[in-house]
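Student: I've got a model open and would like to talk through it with you. Shall we start?

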Protein chains: 4
Amino acid sequence: MLSAVRARLQGRLLMASMTRSFSSLPAEVEEVISAASSPAPSVRPAFSHTPAGRNHLFVPGPVNIHENVLRAMQVPGQNHRDPWFADFYKKCLQDLKLIFGTKEGTTIIFPGTGTGGWESALTNTLSPGDKVVTFRYGLFSHLWIDMMQRLGLDVTVIEGRWGDGAYEDRLAEVLRADTEKKIKAVCVVHNETTTGVTSDIPEVRKTLDAANHPALLLVDGVSSIGALDFQFDRWRVDVAVTGSQKALSIPTGLAMVCASDKALQAMKTATSRRVYYDFADMLRTNPTGNVPYTPILPLLYGMEASLKLLAEEGMPNVAARHHRLAEGCRRAVEGWGLQTLCRDPRWKSDSLTVIEVPAGFDSQKVVDVAYAKYNLSLGIGLADVKGKVFRIGHLGNMDELMLSSALCGAEMALVDAGVPVVPGSGVSRAIEYWQQTSKVIPTRESLVQQQ
Amino acid sequence: MLSAVRARLQGRLLMASMTRSFSSLPAEVEEVISAASSPAPSVRPAFSHTPAGRNHLFVPGPVNIHENVLRAMQVPGQNHRDPWFADFYKKCLQDLKLIFGTKEGTTIIFPGTGTGGWESALTNTLSPGDKVVTFRYGLFSHLWIDMMQRLGLDVTVIEGRWGDGAYEDRLAEVLRADTEKKIKAVCVVHNETTTGVTSDIPEVRKTLDAANHPALLLVDGVSSIGALDFQFDRWRVDVAVTGSQKALSIPTGLAMVCASDKALQAMKTATSRRVYYDFADMLRTNPTGNVPYTPILPLLYGMEASLKLLAEEGMPNVAARHHRLAEGCRRAVEGWGLQTLCRDPRWKSDSLTVIEVPAGFDSQKVVDVAYAKYNLSLGIGLADVKGKVFRIGHLGNMDELMLSSALCGAEMALVDAGVPVVPGSGVSRAIEYWQQTSKVIPTRESLVQQQ
Amino acid sequence: MLSAVRARLQGRLLMASMTRSFSSLPAEVEEVISAASSPAPSVRPAFSHTPAGRNHLFVPGPVNIHENVLRAMQVPGQNHRDPWFADFYKKCLQDLKLIFGTKEGTTIIFPGTGTGGWESALTNTLSPGDKVVTFRYGLFSHLWIDMMQRLGLDVTVIEGRWGDGAYEDRLAEVLRADTEKKIKAVCVVHNETTTGVTSDIPEVRKTLDAANHPALLLVDGVSSIGALDFQFDRWRVDVAVTGSQKALSIPTGLAMVCASDKALQAMKTATSRRVYYDFADMLRTNPTGNVPYTPILPLLYGMEASLKLLAEEGMPNVAARHHRLAEGCRRAVEGWGLQTLCRDPRWKSDSLTVIEVPAGFDSQKVVDVAYAKYNLSLGIGLADVKGKVFRIGHLGNMDELMLSSALCGAEMALVDAGVPVVPGSGVSRAIEYWQQTSKVIPTRESLVQQQ
Amino acid sequence: MLSAVRARLQGRLLMASMTRSFSSLPAEVEEVISAASSPAPSVRPAFSHTPAGRNHLFVPGPVNIHENVLRAMQVPGQNHRDPWFADFYKKCLQDLKLIFGTKEGTTIIFPGTGTGGWESALTNTLSPGDKVVTFRYGLFSHLWIDMMQRLGLDVTVIEGRWGDGAYEDRLAEVLRADTEKKIKAVCVVHNETTTGVTSDIPEVRKTLDAANHPALLLVDGVSSIGALDFQFDRWRVDVAVTGSQKALSIPTGLAMVCASDKALQAMKTATSRRVYYDFADMLRTNPTGNVPYTPILPLLYGMEASLKLLAEEGMPNVAARHHRLAEGCRRAVEGWGLQTLCRDPRWKSDSLTVIEVPAGFDSQKVVDVAYAKYNLSLGIGLADVKGKVFRIGHLGNMDELMLSSALCGAEMALVDAGVPVVPGSGVSRAIEYWQQTSKVIPTRESLVQQQ
């Protein structure tokens, strides 16, 4: 079989000089292609041209919105004080438990972003001066630390390589040293979107348990919850935070939080000032289907539609799909001869893949040319890894063929940026894997029964 | 370079047994993937499951609708007798000339489909018993012939191989034999959507001219106009017909026709009965922005938005884009070791590619499994080539990365269907070509200036 | 109570001179109101300004589209040859029977308009030269007659006053005179949209039966079916025709037809030439969920959503709602001291109300000023009643408060046009009636239980 | 003229017994209307039925969304780190200045609600323990006070009658007493949505100036900005706050703030803890078109579309329209013989009208029956005026005919609730006024030129 491929590759080289000879294209159109004659020198504003096709969106959020969700959000103005609202909102809060993997937690929805969710997690459970322990291994963990400090918390930061996850052994040390149990919370970014790293929350939980430490476990699940396996109850998370524009695949605008009874207990004594992001106003009103201020109805409808899709798929299948997508992407990276920023297999994220360009190349060029030539939106390298990596998001509303186009686009952009990559070397690996592992879409079995 | 590829291919084989060892996926999710455990045996109705991602639409019409067009069509009910309508409709008719390549033709829009457009072309210019000459080389040319016969025309059919285009030499013979110039019209399907063949209308024109024959030239441009080069005036076409769901990339529902003065002259004596599809009612009302019956306003808005995109791109660039897309697709077919149903390079369509599966394989299985496993909609083999070919549409609102996902999906489906194709062997050829020929999207030049 | 009203009316006159004295409006804004200073003399194109609020659509089709329907139609391109389509389409045809009031009829959907539906009804059941009887009492009955004649039928026209319905006695005479039963069809426009007249199809049926006449009964139900009571089976209609933009309240583009077995029998011998609008191609393909040419998918989704709303409401309730709306409108007309073009109560349409302006006034001015000042789209007077009447459509997706705004707007426009109407004199009558007859919306009973 | 009206009213009474005698409605449908037979006793969930027509939304926010805005928001997922975003966002911030009436202020957009805007205004300019003065005259001013207290401010509350506005004399006293100028801010709710009161910000400004007091002027313009006259620069407001679902007429989700240089100066020393709602992160990133966390793109597109409509109309015309709408509504209230909660003409709001029901009646019944029978959403009485008032919102995307339907619905609901109101007594007053004061919609002048 290999020789057949080789033969075709040789044929391909031979054909290069004959390009477009097999064509009925009229002369005048040929000229357009072959001449340097791009359209008349544009004086139009930058980025104002709308190309055919579509923008290919592969950043790790905002993500592609499912057509069912887009439709559901197309609503005229509505009054959330109309009598239908209470039951609807109670159902929203109940349905939302699906993605947190909880039956016992209390879900809360704020109009806001994941950043607001962070703030709510901290201010509702902690008081200025409280000791917290956390990890820094990317921009988002860094920004959460910055917030902790600005809120007056006493933060112990365990520094990590950008590309690694939460070091459980280092955490164990810190907890062991805290003989007086002064540490009030351990804060972990579950999936670091800067680096493509998924930390191991069950191991963090075990570490806390092994130390017999009562600290709260606060988890940023912004780019994991709804995509990766998440077990709020089983892992005994105390506050978990996510945002609507990530795995839920609706537009930005909802900060979604889940709080344990222990967290709600801590709330009673936490003195951090809070009003907008106060759980208490929600807890007072939500049980009767009320809200302390105006909800974003279109996004709630979008959330409802999105949760319906996830429920229909089943959360274990959702996680399996993300794994299969990610694994295909990682094989493509191998095919290119490149490597992911995350080295340790146990931490490689199924939400996004962060790829290092070889030394001497600028990853920003890859991202720029992908957008300029192929209308492909890739994630740029942020902060410490600016220019060194680019990111492919594959979380949320995503399937194999969508992701295959991102891989094709990334290959072309890599070549454009001068990175020595053989066209097809990556995507061929991905589709081989997907072909072997993909299952028939439920309810379509009849089409392949005899095969 | 070849050896590097070979090395990677070998590595790929070695890795096959190690699948998913590089993973932090929790055990319970692993089970879902590895077990034969697909979701609980479905008792849900066939095709009722909504998978994540999107349907990947690659039939040669209906085609993918641009988001600008979708937005434009989202209108509440409106009154076409309101005073704004007249100017709007006159503009619609004027703008539409762009895709026909005409300044002198008269454009007419019927609420209907391409089939209705065919009927209007025939009944407005011909009388029962009139002699017409045409070609049969696919289902659509066949259906048009069927219509001609049912309308009482005296049809001379030049039969062709399915996969060939209009034989100009055979036409020349027929015209030469018609010494009394009894033939009233030559009817040609420009792009035969069954076979992926684009006939050469300029050559047909030349053939008519060479015979000094006054017959009308009626052209079905349903799957060409708006995608391929079309020059109504220069080619002296008399009636050209297209439909909204093809290159215009809006939903089905508009039959769009362009008529020459010669055709409108013929109308005066044509006795074929016609009312709904009568040009005359349109010609009486359209010049003042009126219509003889209710127009489909959302589709007109969609048409306006679509024509705006095409005008911005420029029709020569539109044709060049289609050629580049098609050429990439044809290289992929070569990469697979397969061939297109159309053999003669001068006839290969830039609207769609029709691919033969090797003898002994059933192309329907490829299409079925593509839909069942990858949510990919390919065109089936129709009529005489049922089971023998599958079709990839790449006309209208389409770009390289979209088409690359179709190629990836087709490769996987070919493998699933047992056709001996090496994953990546086709798509690698396409993206290599596209990388070499793609230009920067206008107004995005600043992103790649230093490269 | 009357004296209280009188007192208030007097107070109103007193207040006229004090306008805007009760106001905190700042001086600069006052100026804008009081000055002749409309915005800077516009050089913008006619009708290009988008006013706040909405267009108030009260023509008798196209009508207001329900938000559920708008949402359902928001779909990307889709392939009607995908395997899900067959069941979907069969369901469409089945569901459609609801509005025809049929179990035994065969429903057919053409991409087209009501005019196309007319053509299909005639050409599939009749042959050139066939005798038909029909009535002319408005523009639409006139246009159908024109079509009959152009199709070569031998038409006996019973002329009627514009404002009257089908004269059953005159029909009886014609049928009685046809001793050889040469008349092949009786054609009736059920609801004449020019005049606001609903003819009595059951009486027409009785007349045919009384004459023991075998003629087919062909009914134009374009502006009745789906709004008014319609009983295809019970009335033994042979072909009934409607269009999507009327009572179904979706955009224009679907011609929907229902045919009896007798009509399908007639089809076998009918020699009128037909292809696009041939029932036979539909009958051959539809039973397996196929179509002879591309369907308009978004409109089918809209139809599905609309039929779901109608089914939920229940067709008797739908007819009752239309009656209640129409009755309110008619009372408003009385309140204005005007009269409807339709004089005979048994014929007054519940789909629309056509109102005569007093002699010496131009109804076009009412319509023009309604649009110019209040963004209200009323129906103009057509053909013979141009300038004499204006029309208020209240069919389809409509409720009392929507219609009340049309009545308010019509009152203002009548005053603007110089017609001596007292503001409030009509709408007060309508809302008094509606208040007395409106019921609680199903599933909202709990809100008014103690009242 | 009065006698004519009287005569008609008498006729109306006579007709009451003859209802529906003028009808061709078939017997079976009549039954549905006349019988107590509402549809089969519903076992469906409360509020699950979707009635024909539309929900009539007349709460003072969320308000009716213009179709242009709905369309603009219909966007798939997009990446705000793509290079087009920076210019777009800078334009958003610039365009937004229109509704604040500012050239010198700095506009900031938070993903959040008006409540979040309040928090940002307070925490960015003040420190715990700071003295502020404010007024309580409704639920929203109360809630803002509650927030001030929870944020640790030292609040002096000037209590007012619910229905009155800011007492400038009382403020003057408080300021005069503050000889040490310890008061850091005066906080005023411009338009109190509970009571329909617009306080006089220019007078408040004058009061501050007269006292030569340096306190900041913080204004809640949630239900005024974009609807009523607002002059940030001229009135020397320091922070003004609004929300997207009010006059801007887009969905909830954007808290929009404008800050003066003086406010930004105060920010530097303000020690209130803040992160999510910190101006500083915005001021650091916005000037280059960046944001500190993910923006809500669909709402920004909606904002852009909405601001375009407002700019086209011109802000003075927008304020004039609101005044005309409100004045019509107030005349209707007079016509009903009722009164607005706001007594003093200078304070009557042009955003909404709050109407007292007579003693002995429950306003909640009016609101309930309006929703239950007419699908009309009115604002309920809140807090201290619960059961005593109902509210009609007429801000934002609103026109005369929309509001007329609310008046009609309110009349019917008042009658249903037993309040002695004569049908038509209010709406007749409103439309008489509107007919006299409405102007031709720009660019439609040609329709009425000869009139």
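Tutor: Sure. α9(C) is followed by C:Asn212, whose phi is positive, near 50°. Helices here are DSSP runs of H or I with at least four residues, strands are E runs of at least two, and both are numbered from the N terminus. Keep in mind that this is a predicted model, where local features need pLDDT of at least 70, side-chain atom pairs count only at pLDDT 80 or more, and totals for chains, interfaces and linings use all residues. Residues are numbered from 1 along each chain as its sequence is written, while chains are lettered from A and ligands numbered from 1 in the order in which they are written.

Student: Why are the buried residues of α9(C) on the same side?

Tutor: Buried means 20 or more other C-beta atoms within 10 Å of a residue's own, exposed means 12 or fewer, partly exposed is in between, and the C-beta atoms are placed from the backbone. In α9 (201–210) of chain C, the buried ones are C:Ile201, C:Val204, C:Arg205, C:Thr207 and C:Leu208. They sit on the same side of α9(C) because, going by directions from the helix axis to the C-beta atoms, they cover an arc of only 160°.

Student: Which exposed residues does the face turned away carry?

Tutor: The buried residues of α9(C) pack against α8 (168–177), β5 (183–189) and β8 (216–220) of chain C. Contact here means C-beta atoms, placed from the backbone, within 7 Å. The face turned away from that buried side carries C:Asp209 and C:Ala210.

Student: Over how many bridges do β12 and β14 of chain A pair?

Tutor: Strands pair if DSSP finds at least two bridges between them. The open sheet runs β11-β12-β14 in chain A, with antiparallel pairing. β11 (339–340) and β14 (389–393) each have a single partner strand, so they stand at the edges. In the pairing of β12 (352–356) with β14(A), A:Thr353 stands opposite A:Ile392, and the number of bridges is five.

Student: What relation links chain B and chain C?

Tutor: Superpose the copies by least squares on C-alpha atoms of residues with pLDDT of at least 70 in both. Chain B lands on chain C with an RMSD of 0.0 Å after a turn of 180° and a shift of 0.0 Å along the axis. That's the relation of a two-fold axis.

Student: And which residue of chain B comes closest to the rotation axis?

Tutor: The contact takes 45 residues from chain B and 45 residues from chain C. At 2.5 Å (C-alpha), the chain B residue closest to the axis is B:Gly112.

Key: Two residues are in contact if their C-beta atoms, placed from the backbone, lie within 7 Å.
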